[in-house]
Amino acid sequence: MPRANRAFSENTIYEIIPRTRASLPMPPTKTSHEIKLGILGRTQRDSKLELCHFVDMNNHSHTIAVSNRCETLSKFYMELQKKTTDAVKALLGLSSLSLWEDRPTVAEVATLEDAIKRIVYIYCNPSNASLCDSIEEYPGIH
C-alpha cells in the first residue's frame, strides 16, 4: 500500500530523527566529524531550512530545524541520508548499502514549551544512553 505524502508547513519548527538499521561504521573521530559536518553543510547550503540544534549519535540523529518552505523539509532529510550513504559506501568500497530504516521521524514542534523540552531531550540523549556523563563529554557531533 502506498504511503501518504507528508504535509509540512512553512516557517514551522520540526524535529527530524533519521535512524540507521545498525550503527554507522564511523566512530566519533575528527575525520568522521569533518565528513558528517561537510555532508550537513552541503545539504543545508541551499537554505532548505534553518538548522537550530543537532546531536548526532551513531545510530540516529536529532535535528531541530525551521522549514523555510514546506517542500524543502523532505528534500533536506532525503539528501542528507543519500549523501551519508554515499560517503559510507565510498569509505568501505561498497557498491550498494541499505543504511537507513524506513522514513525518518519528522515531528512538528508546536509550542515554545515543546521546543524547550525537545532541545533539553536531545542534548541529554547521549548521557541518558550511558554514552557519557554530560553533553560536554560526548565525543559525537553536537
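How much accessible surface does the protein chain have, and what share of it belongs to carbon and sulfur atoms? About 8200 Å², with 54% on carbon and sulfur (Shrake-Rupley method, 1.4 Å probe).

Before you click around: this is a predicted model, where local features need pLDDT of at least 70, side-chain atom pairs count only at pLDDT 80 or more, and totals for chains, interfaces and linings use all residues. Residues are numbered from 1 along each chain as its sequence is written, and side-chain values use heavy atoms, leaving out hydrogens and water.

Start with a cartoon of the protein chain. You'll find 3 helices and 4 strands, in the order β-α-β-β-α-β-α from the N terminus (DSSP runs: H or I of at least four residues for helices, E of at least two for strands). The C-alpha trace spans about 40 × 40 × 30 Å along its principal axes.

Next, select strand S1 (12-17), helix H1 (30-44), strand S2 (49-56) and helix H2 (72-92), and show side chains. Here sits the largest nonpolar core, with 15 residues; Phe8, Ile16, Leu49, Leu73, Phe76, Tyr77 and Val106 have the most contacts inside it. Those four elements each give it two or more residues, and H2 supplies the largest share, 5 residues. (A nonpolar core is a set of buried Ala, Val, Leu, Ile, Met, Phe, Trp, Tyr and Cys joined through side-chain atoms within 4.5 Å; buried means under 20% relative accessible area, 1.4 Å probe, protein chains only.)

Zoom in on Phe8. Leaving aside residues up to four places away in sequence, Phe8 touches Tyr14, Cys70, Leu73, Ser74, Tyr77 and Val106 (contact: heavy atoms within 4.5 Å).

Last stop: pick Val55, Ile122, Ile135 and Tyr138, which are among the 7 residues of a second, separate core.

Conventions:
Buried < 20%, exposed > 50% of the residue type's maximum accessible area, 1.4 Å probe, protein only.
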